[in-house]
Amino acid sequence: MVNQNHTTQLAVIYYAAMISHRGLIRIFLRVSAPNWLEKIKFLEINDEITNWIISSIVDGNIFRGVRDDKKVFEKFHNTLLVYLSLDDTSWKSQPISDLLKQLKGKSEFYEWLIDNKEVSIFPQNNKKWFERNIIENGVIALKRLDKILLRKSTGNFSVEEKELKSVNGYAELIVDHKSNEFISLKNKLYRFSLRDKIRYLSEFLESINGKVLPSIFCAENVLDRGSDSVFSPEFCYHTKIIIDDEASNVKSYESSTTNFIRSFFEFVSEGDVFARMLYERYIAKLDPTFDLKKFITKLATHLDDFPEQSNNFHFDVAISSTLYVCLLDLEPIKRIEAFVLQYSKFYNNDNEKHIFAIEKGMNVSDNDLSCFLTTIRNSLEFIVEKSMKSLPFYLSNDIQEYESVIKEMLYNSSIRKELASLKSFSLTEATVSLSSRTIKLNGQAYDFEAILLVNPVTREFSSFDIRHITLVNKSDHVFSLVEGSVVYVIAANSYISQMYFFIKNRFKTLIEDQSFEKSYQIVEYDENQITSIKGFEQAITVIENHKAIDRDLARGLFIKWLAHLPQKFHMPLVTLIQGHEYMGQPELDSFISKVKKLQLENENPFLIKKVEDYNGTHRILYRDDELGRTIAQLSPFAIVQKSEKVTLITDLILSGSQIKSAFKYYLQGGDYNSNINLFECNEAQRKQLLDIFKGVREVNICTILFNSSAISDIEITLRDLLNNNVKLNIVHGRDIGGNAFFQSSEKISEKDKEIIRNVLKKPENLSSLYDNLHALGSPLLTEKKNNIELINLVARYKSLPKKSFDFLRFGLKADAECKPLDRIRELNDK
């Protein structure tokens, strides 16, 4: 470990000599010109300090504000440079000027230091920032004309070492830097609204994801005007984030994404009262357990649909929804607690808590448990239902879950059914006496043994004992129901009580005292913005045929679904849905007629799956009552022996994988999987089926939609299994070809496909979309699994195929049944 006291003597010795040469201490003693070689050899050397000293020559002096008429620093610097850079000790007998010429050939860095005309420190206008960057990050940045030289430890460069020239463990890189092609961060953001600054930060963080944090918090032009990237990725914060202010004061923080974000707001807050408000009220008070990068990314998305000039109301509800989605990993009760705990840190005044919305005429009451929870739930729903529909704020759902748990507990208890409701539990003044082992409810004393606590967290009824005393005594809302000799008690969660008091206080102040009609603002929503999107009517056609519903119903459902999603998704989602192939009513009727005809003509029609599977084929066939009664007979084991033709009945063939797997099982064998719902086949049946198919010359296929390339694959598989030249024919169906898949679909233009790709391949966009949706199962698209090219675009009758865009069949968190497309989950769905 280098002795810091010894290291700093380098500067102290130099400074003392400087003073002596200026005659400031000669009145006290005589000081001769220093012999730098004799002084330096006794010191332990610290790389950061020496880098600072030797680089300062380009500024003329190590200390600004002190003249060096005697060139003391230059002599000190040159000797130190030679001492550090030349290994051969014979240099001590040579003139320094000769040694400097020798040094210039060793690296560009030495050449810039020795011939330092037109060389300056970088940043040029803040020497403190330059010095701190050397000492804390080990980065030296010098500028000469339109070039910048970056010097640091070889191991700190991101480029491969073989591309660098390393001297004494340090390497350097010279990059182009024409100042007029770059801009400082402050100038870049000068005319940005706060919303735009947050969006800029979010996008910037995404662009540097996984990389070393770039050095941008200075007054220099470091950002490319076109791309917003830093002039060189090597100009970065290795250890400390360095930030300056308008007075050139410098601060530093440990290098981390969290501190980078905090530094951003601190840096841009100068001259921006709104940015300062956001930082001081929200960002600075956010608990360190929150992922601040995720918080900023979500906040930027949630602000997108608000007016350009957002106000405190908009920021509060956007912050609230951001806080909520950052807590989605928690269970509902824990999420309520965490939300209220953090949200309360943001404000001292309840009137600023806009997310707890109120309006004239609403019922604010805690007389009973039903009124109490309904008051809170209604308040939390106002913003999403009446103000900002696309905001993913569903804390009301957590209150509803809390209600549902209690209702279920009461319904399954021994309480008489007419009393097993939230309304039966009245607000009660409760006090517990340990000495008498009683609890007073509205003045009436009851023994501990008579009390049953209803605990919605554990979902248990607990006999009252000592450990429950604090729970009841500290609860602001105790509700009770007396039935016979048993008293049921619910002590409301304290954070839920806090929410009620927020609402009650706001109602009194704003509605009763100040006569406001409502506390929330309505963000204007224009339905025409949705219905005028290109392809909207075609999308409605897909939905009405897929769901088999009235067109007006399909229109209303789709508009509602889109209205609850951020606007940036509207066009891509409309385009995706209108790009689906669908089964029209005439096609369904024609398919049913063909199957009935095949039965009449004894064409050996068969299905590959049992009726219990109730797949798309079954659903369509059951539309006809007569046909529905015979579906169970369409087994492959019912094929007549010595038949030359058989007919496979299936509504849809995309890749053909299910059909190929089924034929392999029936003709080749394998373990039976009950989840797939094939007809179970023993060895005798398999042998009989194999004999039949070996004699079949043609396998006809009756379908509705098919992909011709899949038919070819099935034919190859069958020929391999049967070792013959069996032929496959389509006797009914429409070839949708490449339209079956996103990549090859001709129903979506390449331009629109690229827009969809850009939206769906960004993890933060997918996350934002799912925030608003009631997702079921594992998402098909994730940050690591986002290849959309082979996802199918077929709106099968009443149930999408497996590999479809799953979010199109997800309902809203505001209404789980509101979804444009459907999928009936299979037994093996995850």
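1. Let's start with what surrounds helix α10 in this predicted model. The buried residues of α10 pack against the helices α8 (185-188), α9 (194-207), α11 (273-281) and α12 (292-303), and against the strands β8 (240-244) and β9 (250-254). Those buried residues are F260, I261, R262, S263, F264, F265, F267 and V268. Do look at R262, which is listed among the buried residues and counts as a charged residue.

2. Now for the geometry of α10 itself. The helix runs over residues 257-268, twelve residues in total, and spans 17 Å from its first C-alpha to its last. That is close to the 16 Å expected at 1.5 Å a residue.

3. A few totals for orientation. The protein has 30 helices and 26 strands. Of its 830 residues, 53% count as buried. Among contacts with a separation of 6 or more, 69% are accounted for by residues 24 or more positions apart.

4. Next, please have a look at the pair α15 and α16. Helix α15 covers residues 369-387 and helix α16 covers residues 395-411; the two pack with their axes 8 Å apart, at an angle of about 160°. Because an angle over 145 degrees counts as roughly antiparallel, α15 is roughly antiparallel to α16. Their crossing is left-handed. On the α15 side the contact is made by L369, L373, I376, R377, L380 and E381, and on the α16 side by L395, S396, I399, Q400, Y402, E403 and I406. By class, the residues of this contact are eight nonpolar, two polar and three charged.

5. The numbering in that contact is worth a moment on screen. An α-helix has 3.6 residues a turn, so residues three or four places apart point the same way. With that in mind, you could step through L369, L373, I376 and L380, which are among the contact residues of α15.

6. Helix α16 also meets helix α14 (residues 332-346). How do the axes of α14 and α16 cross? They come within 9 Å and cross at roughly 130°, and α14 and α16 are therefore oblique to each other. This crossing is left-handed. The contact is made by P332, I333, R335, I336 and F339 of α14 together with L395, D398, I399, E401 and Y402 of α16. These divide into seven nonpolar, no polar and three charged residues. If you compare the two lists, L395, I399 and Y402 of α16 appear in the contact with α15 and also in the contact with α14.

7. On to a single residue, V454. Is V454 buried or exposed? V454 counts as buried because its relative accessibility is 5%, under the 20% cut-off. V454 lies in strand β14 (residues 451-455). The C-alpha atoms of V454 and V489 are separated by 6.0 Å, although the two residues are 35 residues apart along the chain. Leaving aside residues up to four places away in sequence, V454 touches M409, E460, F461, Y488, V489 and I490. Of these neighbours, M409 falls within the range of α16, residues 395-411.

8. Last, E537, which sits in helix α20 (residues 536-547). E537 has a relative accessible area of 33% and is partly exposed. Apart from residues up to four places away in sequence, E537 touches R551 and R555; Glu and Arg both count as charged. E537 and V574 are 37 residues apart in sequence, and 9.2 Å separates them in space, C-alpha to C-alpha.

Conventions. Residues numbered from 1 in each chain as written. Predicted model: local features only at pLDDT ≥ 70, side-chain atom pairs only at ≥ 80, totals over all residues. Heavy atoms only, no water. Axes fitted to C-alpha atoms, helices over the stretch in contact; angles between N-to-C directions. Helix = DSSP H or I, 4+ residues; strand = E, 2+ residues; numbered from the N terminus. Parallel < 35°, antiparallel > 145°, perpendicular 65-115°, else oblique. Left-handed = near helix turned anticlockwise from the far one by under 90°. Contact = heavy atoms within 4.5 Å. Expected span 1.5 Å × (residues − 1). Buried < 20%, exposed > 50% of the residue type's maximum accessible area, 1.4 Å probe, protein only.
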